[in-house]
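Reader: Hello! Could you walk me through this structure with a few questions and answers?

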Amino acid sequence: MLINFRKINKSILLLFILAVVSCNRSEPDRAMVISKLKNSAKLSTVEYIVTKVISSKDNNWFAKDAYFFAETEATIKAGIDLDKLKDEDIKIDGVKISLLLPPVEILNFSYPSEGFKVIEKYSDEAAIFKWNSIDVATKDDLYRQGESDIRQNIDDLGIVNTAQKNTRLLLTKILSLSGFDEIYIDFKEQESLSTPDEKLLKELEEFLNKKK
Amino acid sequence: MIFLTIANFIKKYWFIFLLIIVYILIAGLNLLPRSLNVFKKQRLLIDETPIVVKEVREIGELTTSEFYGEVYADLNEVYNEMLVEFKDSLNFNPTALYENYPGLERYRKDAREFRADELFFKNKSESYELFLTEYYLKLEDYRSKELELKKEISSSGSKSERKKLERRLSDLKDKTIEEKKAFVKRKDNFNKDEKAFRGKKIDFRKERKTRNLVYIGRGWVKAGVNLKGLTDEEIFIDDSDSLYIHILIPEPEILDVDINPWFIYTEKKKIKGFELFIAKTGSMLSSENFTDVEINSVKHKCKLRLEQNAIEKGLLRNAKSSASSTLVNFFHLLGFDKVKINFKTSDHQVVLNN
C-alpha cells in the first residue's frame with residue numbers, strides 16, 4: 001500500500017489552518033485606566049455580604065475529569081449619592097423637615113481574591129499538560145463569570161429596601177440631632193439599581209476622546 | 001457487497017481514517033489544547049449556583065474621595081519580600097512555605113548565591129577603587145620627582161653628580177614602568193571579575209523569567225468618614241445661635257480597596273480588573289502550575305501597591321477636605337448659616353474614653 005503524500009500534505013495543511021483559526025483570539029482591552037483622584041459624597045448605609053460557589057467540570061472521554069470548586073464572597077455597599085440632593089428636594093418649616101432623597105445606588109462592589117477559597121478536596125486539575133489544565137488563566141475566567149453572575153442578580157437581593165430603611169434611620173438620627181422634630185423622608189422614583197461602572201466608563205471615554 | 005465497498009473505501013483512504021482515530025484518541029486522553037479539541041467546549045463555564053446572602057450590615061460610611069488606578073506586581077517581588085518577612089520560618093521550618101510557594105525554594109537558593117556574589121564583587125570593587133586612588137597618587141609623585149631630578153641634572157655642575165642623578169632618574173623610570181605593569185594586570189583582573197559578575201546578574205534575572213506570574217490590576221481605593229454612631233456630643237447646635245451647628249467627625253480612613261475580576265462591567269463594555277500578563281511556569285506539566293496561594297499573593301501585592309499609590313496621591317488629605325465641604329453643603333441645605341466641622345484627633349478620643 002502506497003502512502004499518498006499529496007493527501008498527507010493536504011491534511012497537514014488542513015490541521016494547520018484549523019490551528020491558526022482556533023488560536024485567533026480577540027485582543028484584550030488594555031490601557032484604559034488613568035490614575036485619578038476625585039471627590040465624591042456617597043453615603044453607604046447597607047453592606048451585603050453574599051457568597052457564591054464557583055464550580056466547574058471539564059469532562060474527558062478517556063482521561064480523568066477535571067474539577068474546580070471554590071467558595072467566594074462578595075461585599076456590596078449601597079446608599080445614596082448626596083451630590084444629587086438639590087435645594088428643591090428639601091422643604092423646611094420651623095422644626096418640620098421633608099426630604100426627597102435621590103434613588104438608591106450600588107456604591108461599591110467588592111469581590112476580593114482574598115475571599116476566594118479553593119476547596120482542594122473537590123478540585124482536581126487532572127490534565128498532564130498545562131495547556132489543558134485548569135490553570136491560572138482559566139481560573140481567572142471562572143471568577144469573572146462568577147462576578148458577572150452576581151452583578152446580574154444584584155437587583156433580586158432586596159438591597160433597595162434595606163438601603164432605604166437604613167438611610168432613613170441614619171438621616172433621621174442626624175436630623176433630630178440637628179434640632180428637627182418632625183422628619184419626613186422619601187425617595188425619588190427608583191428605576192433599576194445603577195452601579196458606579198457606567199459613570200466610570202463615561203469618564204474614561206471622555207478622557208480618551210480629549211486625548212485624541 | 002456493501003461490506004466490500006466499505007472495505008475498499010477504507011483500504012483506499014486508510015491514512016485519513018488513521019488520522020481521525022489518532023485525533024480522537026489524543027483528544028479523548030485530554031492531551032490537546034482546548035482550542036484544538038473539537039469535542040470540548042471552547043471555554044470552561046461555571047455551573048449555575050445560587051447567590052446566598054450571608055450577612056446584611058447596617059453601616060454609615062460617607063465616601064468623600066475616590067482614587068482609580070492601574071498597578072502591576074509579580075511573583076518574584078512577592079518571593080523577595082517573603083525572604084525578609086518569613087526569615088525565621090524559612091530558616092527553621094520551610095517545608096510548609098515551600099508547599100504553598102513551589103518556586104520559593106529555588107528563588108531563595110539563587111538569591112542567596114547571587115547576594116553572596118554581589119557582596120564579594122562589592123568588596124572587590126571597593127578595594128580596586130582604593131588601589132586606583134593610590135596608584136594615581138603614586139604616579140603624580142613619580143612625575144613630580146622626575147621633573148625635580150631633571151631640573152637637578154640640568155643645573156648640576158659636576159659630572160659624577162650628574163651621573164648619580166641620571167641613575168636615580170632611570171631607577172625611577174623603571175619603578176614607574178613596574179607600577180604601570182602592576183596596574184594593567186590589576187585592571188585586567190578587575191575587568192574579568194566585573195564581566196563575570198555582570199554575567200551572573202544576567203543569569204539571575206534570566207532565571208527569574210523562567211517561572212513568573214505577572215498581573216496588571218485595575219481598581220479603586222475609596223476613603224471617607226464613618227458617620228455611624230454619631231451622638232449629641234458630636235453634633236449640636238450652638239447655645240447662642242440656633243443657626244450655628246457644630247459637628248465632630250472621625251478622621252477619614254480608607255474604606256475600600258478593590259481590584260475585582262471585572263473593573264468595568266456594563267452591557268456596552270467590559271474591562272478586566274485583574275489581567276494576567278505573564279504566567280510562565282517553565283514547564284509543560286500541569287503539576288508545575290501556580291498554586292492558589294501564589295496567585296492570591298500576587299493579587300494581594302497589586303492591591304497593596306494600589307493603596308500605596310492612592311495614599312501617595314493624597315487620598316486621605318483630599319478625603320478630609322472633601323468631607324468638610326460635603327457636610328458644610330449638606331447642613332447649608334438644611335438651613336444652617338454657619339457650620340463648624342471638627343475632626344476627632346487621637347487625643348480627643350482619649351479624652352472621650354476617659
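Reader: By about how much of the helix are A:Glu147 and A:Arg151 separated in helix α2 of chain A?

Author: Happy to start there, with the reminder that this is a predicted model. The side chains of A:Glu147 and A:Arg151 meet in a salt bridge, at 2.7 Å from N to O. Both A:Glu147 and A:Arg151 are buried. Because the two residues are 4 apart in helix α2 of chain A, their separation is about one helical turn.

Reader: Thanks! How many residues apart in sequence are the parts that B:Glu179 and B:Lys138 tie together?

Author: The side chains of B:Glu179 and B:Lys138 form a salt bridge at 3.4 Å, N to O. B:Glu179 belongs to helix α7 of chain B, while B:Lys138 belongs to helix α6 (residues 104-155), so the parts tied together are 41 residues apart in sequence.

Reader: Which residue of chain A pairs with B:Arg43 in a salt bridge?

Author: Side chains of opposite charge can pair when their charged atoms come close. Here the pair crosses between chains, from the loop between α2 and β1 of chain B to helix α2 of chain A. B:Arg43 is partly exposed, with 42% relative accessibility, whereas its partner is buried at 17%. With 2.8 Å from N to O, that partner is A:Asp141.

Reader: And how many salt bridges are there over all chains?

Author: Some of the charged residues do not stop at pairs: A:Lys36, A:Lys38, A:Lys42, A:Glu203 and B:Glu66 are linked in a network of salt bridges. A search of the whole structure gives a total of 38.

Reader: Is A:Asn60 buried or exposed?

Author: A:Asn60 sits in the loop between β1 (36-58) and β2 (66-81) of chain A. Beyond residues up to four places away in sequence, A:Asn60 touches A:Asp65, A:Ala66, B:Gly28, B:Asn30 and B:Lys40. Its relative accessibility is 9%, and because buried means under 20%, A:Asn60 counts as buried.

Reader: What is the relative accessibility of A:Asn132?

Author: A:Asn132 is placed in the loop between β6 (117-118) and α2 (136-152) of chain A. Leaving out residues up to four places away in sequence, A:Asn132 touches A:Asp58 and A:Ala127, along with B:Asn30, B:Leu31, B:Leu32 and B:Pro33. A:Asn132 counts as buried, and its relative accessibility is 3%.

Reader: How far apart in space are A:Ser178 and A:Val95, C-alpha to C-alpha?

Author: A:Ser178 lies in the loop between α3 (159-177) and β7 (182-187) of chain A, and is buried at 3% relative accessible area. Setting aside neighbours within four places in sequence, A:Ser178 is in contact with B:Ile235, B:Ile237, B:Ile245, B:Phe331 and B:Phe336. A:Val95 is 83 residues away from A:Ser178 in sequence, and the distance in space is 9.7 Å.

Reader: Turning to the surface, about how much accessible area does the nonpolar patch with B:Val38 have together?

Author: B:Val38 lies in the loop between α2 (14-28) and β1 (51-74) of chain B and counts as exposed, at 55% relative accessibility. The patch joins A:Trp61 and A:Phe62 with B:Ile21, B:Leu25, B:Leu29, B:Val38 and B:Phe39, and their accessible area together is about 710 Å².

Reader: One last question: which charge, positive or negative, marks the surface patch with B:Lys159?

Author: B:Lys159 lies in helix α7 (residues 159-210) of chain B and counts as exposed, at 73% relative accessibility. B:Lys159 gathers with B:Arg162, B:Lys163, B:Lys164, B:Arg167 and B:Arg168 in a patch whose charge is positive.

Notes. Residues are numbered from 1 along each chain as its sequence is written. Chains are lettered from A and ligands numbered from 1 in the order in which they are written. This is a predicted model: local features need pLDDT of at least 70, side-chain atom pairs count only at pLDDT 80 or more; totals for chains, interfaces and linings use all residues. Side-chain values use heavy atoms; hydrogens and water are left out. Buried means under 20% relative accessible area, exposed over 50%, partly exposed in between (1.4 Å probe, protein chains only). Contact means heavy atoms within 4.5 Å. Patches are made of residues with over 30% relative accessible area and no salt bridge: like charges are joined within 9 Å, nonpolar side chains (Val, Leu, Ile, Met, Phe, Trp, Tyr) within 5 Å. Accessible areas come from the Shrake-Rupley method with a 1.4 Å probe; for residues, only the protein chains shown count as cover. A salt bridge is a side-chain nitrogen of Lys or Arg within 4 Å of a carboxyl oxygen of Asp or Glu. Lys and Arg count as positive and Asp and Glu as negative; His and the chain ends are not counted. The place of a charge is taken as NZ of Lys, CZ of Arg, CG of Asp or CD of Glu.
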